[in-house]
Amino acid sequence: MSKALSRNVWAQSAAALALAAAGVSAQAQSTPVKIGLMLPSSGTFADLGKGVSNGFKLYVNEQGGKLGGRAVEYLAVDDESDPSKANENANKLVKRDKVDLLVGTIHSGVASTMAKVARETNTLLIVPNAGAGEITGSMCSPNVFRSSFSNWQPGYASGLLAAKKHKTAVTISWKYAAGDESVRGFREGFEKGGGKVVKDLTLPFPGVEFQPLLTELASIKPEAAYAFVAGAAQVKFVKDYAAAGLKTSIPLYGAFLTEGTLAAQGDAASGMQTALHYADGLKNPKNDAFIASYTKAFGAKPDVFAVQGYDAAQLYDAGMRAVKGDTKKKAEMIKAMENAKLDSPRGPLSFSKSHNPVQDYYVRVARGNQNVMTDVIVKGLVDPSPDCKL
Ligand code: PHB
């Protein structure tokens, strides 16, 4: 073969290879992107899991069912909020189903294991609720993002709020990562505002035997109380608190305590003040549109969990748009997600260096079936995440 001819053959086969490669990637992008939803659909956090899942799907439906030009296929696992099953459940989605994105979960202990699996397998993970500090702290990773909060954030904001009126407080929480970290955040904010936490009372997750703790609280007589119990259990907690006659004598604070449950709590919750990064009574065009379309799609009012699910999908879409659906371009996707400025129903949402939300914390007052926004307690609150080296 002459030199010129062989060069020509080489050029032709290179072109053929390039075409074939383009064909393969075009084919990959015409297949649906696989999203693993690892959320609780049973137990005390079942409604929270549903809110996240509904919110995520609502955003995708608003994009015509496609992200980065690709259809979406969901694979769902009920994680039961059980940390002992988390490794197996996460691996089912990652190794068996080969999902492109893992979304989950509500419970901090389960989510920490998901983050470990995501790190080990370099799978993209978006945490749409669980606040475990280590996920965007000591365990932080380029492929792990959170669309919700770190437990420290709402605890800290609640501490600042309670310190405006009170000097002493007792905390009540479930004894697991979320309870411990939420109380730590509360203490920091409360002390910053000049208050002092005089006692921490705890019970095991997901227990609802609140009576002995309420009796002890009444005997200590602090000026205020802060509680972290969540999901279905917070309905019983707030009702037990009122029934014990404590509602007016020891005002109760808690970031999530009235979120999504006002209808079930009724008068027991009325007038309660909370600090959170969302309020259904928040007035902005995005929230108005979100509440209208969520209510139309699901026949129920959205809550903060639905917002966090919606924003998890928005965040993923920022990455998918940047690479036109080519999920193999992971570094480019991650960069676009890091730089995302989302128009969230909660207000402007961006991400810190550790991939945790930077967001405003609102003061809310429970009136009827709404958490009415009355003030902003901290603007653009960043979890300092000193242990994250990204
Ligand atoms: C958590 O486990 O991190 C958690 C669960 C429920 C909440 C908030 C945090 O409402």
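**Note on two pockets and a parallel sheet**

1. The lining of the largest pocket is mixed: 10 residues are nonpolar, 9 polar and 6 charged. The model is predicted, and every value here is computed from it.

2. The volume of this largest pocket is about 540 Å³. Its lining counts 25 residues. Closest to the centre are Gly260, Thr261, Ala300, Lys301 and Asp303. Start there when you look at the structure.

3. Which elements give two or more residues to the lining of the largest pocket? Four helices do: H2 (46-62), H8 (233-243), H9 (262-265) and H10 (285-298). H2 gives the most, with 5 residues.

4. The domains also matter for reading this site. Domain 1 covers 31-149 + 281-355, and domain 2 covers 152-276. Each of the two supplies at least three residues to the lining of the largest pocket.

5. Now the second largest pocket. Its volume is about 300 Å³. The lining consists of 13 residues. Gly133, Glu134, Trp152, Arg184 and Asp383 lie nearest the centre.

6. How does the lining of the second largest pocket divide into nonpolar, polar and charged residues? There are 2 nonpolar, 5 polar and 6 charged residues. Helix H6 (residues 177-192) is the element that gives the most here, contributing 3 residues.

7. Why does the second largest pocket lie between domain 1 and domain 2? Because both domains, 31-149 + 281-355 and 152-276, give residues to its lining.

8. H6 has a second role in this note. Besides lining the second largest pocket, H6 lies across three strands: S7 (168-174), S8 and S9. The helix runs at about 165° to S7.

9. Those strands belong to an open sheet of 4 strands. The order is S8-S7-S9-S10, and the pairing is parallel. At the edges are S8 (196-203) and S10 (252-253), each of which pairs on one side only. In general, strands of a sheet pair through backbone hydrogen bonds, either parallel or antiparallel.

10. Look last at the S10 edge. Strand S9 (residues 224-228) and S10 run parallel and are joined by 2 bridges. Which residue in S10 is the bridge partner of Ala225? That partner is Leu252.

11. To recap for the bench: the largest pocket draws its lining from both domain 1 and domain 2, and the second largest pocket lies between these domains. H6 links two of the topics above, since H6 lines the second largest pocket and lies across S7, S8 and S9.

Methods
Residues numbered from 1 in each chain as written. Predicted model: local features only at pLDDT ≥ 70, side-chain atom pairs only at ≥ 80, totals over all residues. Heavy atoms only, no water. 1 Å grid on protein atoms, 1.4 Å probe; cavity = no way out; pocket = protein on both sides within 12 Å on 5 of 7 lines; lining within 4 Å. Points joined across faces, edges and corners; volume = space filled by probe spheres on them. Nonpolar A, V, L, I, M, F, W, Y, C, P; charged D, E, K, R; others polar. Domains from an automatic or database assignment. Pairing = 2+ DSSP bridges. Contact = heavy atoms within 4.5 Å. Axes fitted to C-alpha atoms, helices over the stretch in contact; angles between N-to-C directions.
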